[in-house]
Structures are given as structure tokens and as C-alpha cells.
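Here's a quick briefing to read alongside the model. Have the viewer open and click along as you go.

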Amino acid sequence: PTITYVQPDGTKQDLDVPAGKRIMQAAIGAGIDGIVAECGGQAMCATCHVYVDSAWADRLPPVGDDEDEMLEDTVCERTSESRLSCQVPVTDELDGLVVRLPETQV
Ligand code: FES
């Protein structure tokens, strides 16, 4: 599946991500700016915050309890589109997904 990462200035980067990889892992692996992922994917840092367009919400796993708690600590404002990118595995259904990166993570 192809995932598009959009920087706050509108710059887009498309990545071909194998199913099963987390949205965070793919970004870190490709050196995409804007995702820090201090805790390495444990839902314990909130520095992998992204915004996922609500049109995709049905195809994402529900926000878990740990994720929900950490989303209260994001540096940029939490919205209804906020997710921790380490908690969202890429699936074939997510081909074409657009994730927007916040201004800052720390
Ligand atoms: Fe720390 Fe996602 S990498 S919460």
C-alpha cells in the first residue's frame, strides 16, 4: 500500500509500505521529518502524533486506551483526526491513505 505523508508546509512524500508495518515505523525507516517516536512504538510518548483524514476513520483500528491517554499529551492540538502513528498498522485497505504531520512533536 502507498501512504502519503504531508508536512505542515504541504510537501508530500509517498511511501510504499508493506502491510503490517506501522505508519510510524515506515516514516522512521524512510527518514521522514516530523515523526520522532521517542518511545519506539509503545504508545508512551505521543511524539508520533499524526492527523488522519476522517474519511479513513472506518478503516483504522479504534483508538486504544493507552493511545487515548497519550493523545492528551500531544504538543500540537489533538483533533478528532489525531492518532498515534505507532498504533496504526498499514493494511491493504489503507492504500492511498494520507497522513498529515503536526507542526512539531516536542
Ligand atoms: Fe511513542 Fe508512538 S512512538 S507513542
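**Loop residues with unusual backbone angles**

A43 sits in the loop that links helix 1 and strand 3. Its phi is positive, about 60°, even though A43 is not a glycine. Keep in mind that this is a predicted model; the rest of the tour goes from that loop to the overall fold, the sheet and the core.

*More on the loops*

- A43 counts as partly exposed, because 18 other C-beta atoms lie within 10 Å.
- A37 is also found in the loop between helix 1 and strand 3, and its phi is near 60°, again a positive value in a residue other than glycine.
- Is A37 buried or exposed? A37 counts as buried, because it has 20 C-beta neighbours inside 10 Å, and 20 is where the buried class begins.
- R78 belongs to another loop, the one between helix 2 (65-70) and strand 4 (82-84).
- R78 has 17 C-beta neighbours inside 10 Å, so it counts as partly exposed.
- Setting aside neighbours within four places in sequence, R78 is in contact with L71 and E72.
- If you want a distance to check in the viewer, R78 and V36 are 17 Å apart, C-alpha to C-alpha, with their positions 42 residues apart in sequence.

*Overall fold*

- The protein chain has two helices and five strands, and from the N terminus on they come in the order β-β-α-β-α-β-β.
- With a radius of gyration of 12 Å, close to the 13 Å that the globule rule gives for 106 residues, the protein chain is as compact as a globular protein of that length.
- The C-alpha trace spans about 30 × 25 × 25 Å along its principal axes.
- Of the 106 residues, 30% count as buried.
- Take the contacts with a separation of 6 or more: 67% of them in the protein chain are between residues 24 or more positions apart.

*The sheet*

- How are the five strands ordered in the sheet? They form an open sheet in the order 2-1-5-3-4, with mixed pairing.
- Strand 2 (12-16) and strand 4 are the edge strands; each has a single partner strand, so one side of each is left without a neighbour in the sheet.
- On average, neighbouring strands of this sheet are turned by 35° against each other, direction ignored.
- As a reminder, strands of a sheet pair through backbone hydrogen bonds, either parallel or antiparallel.

*Strand 1 and its two partners*

- Strand 1 and strand 2 run antiparallel and are joined by five bridges.
- One residue pair to look up here is I3 with L15, its bridge partner in strand 2.
- The hairpin of strand 1 and strand 2 has five residues between the strands, and there G10 takes a positive phi near 95°.
- Strand 1 pairs with strand 5 in the parallel sense, over four bridges.
- On that side, T4 stands opposite V98 in strand 5, while Y5 stands opposite V99 in strand 5.
- Side chains in a regular strand alternate between the two faces of the sheet.
- In strand 1, the covered face holds I3 and Y5, and the uncovered one holds T2, T4 and V6.

*The nonpolar core*

- Which residues touch the most other members of the largest nonpolar core? Among its 23 residues, these are I3, I23, M24 and V99.
- Strand 1 (2-6), helix 1 (23-29), strand 3 (49-52) and strand 5 (97-100) are the elements that give two or more residues to this core.
- Helix 1 supplies the largest share of the core, four residues.
- I3 is a handy place to start: leaving aside neighbours within four places in sequence, I3 is in contact with L15, V17, I23, A26, V90, L94, L97 and V99.
- That list brings back L15, the bridge partner of I3 in strand 2, and V99, which stands opposite Y5.

*Confidence*

- The average pLDDT of the protein chain is 97, and 100% of the residues score at least 70.
- For the complex, the predictor gives an ipTM of 0.99 and a pTM of 0.96.

Methods. Residues are numbered from 1 along each chain as its sequence is written. This is a predicted model: local features need pLDDT of at least 70, side-chain atom pairs count only at pLDDT 80 or more; totals for chains, interfaces and linings use all residues. A nonpolar core is a set of buried Ala, Val, Leu, Ile, Met, Phe, Trp, Tyr and Cys residues joined through C-beta atoms within 7 Å. A residue is buried if 20 or more other C-beta atoms lie within 10 Å of its own, exposed if 12 or fewer, and partly exposed in between; C-beta atoms are placed from the backbone. Two residues are in contact if their C-beta atoms, placed from the backbone, lie within 7 Å. Two strands pair if DSSP finds at least two bridges between them. Axes are lines fitted to C-alpha atoms, for helices over the stretch in contact, and angles run from 0 to 180 degrees between N-to-C directions. The radius of gyration is taken over C-alpha atoms; the globule rule is 2.2 Å times the number of residues to the power 0.38. pLDDT is the predictor's confidence in each residue, from 0 to 100.
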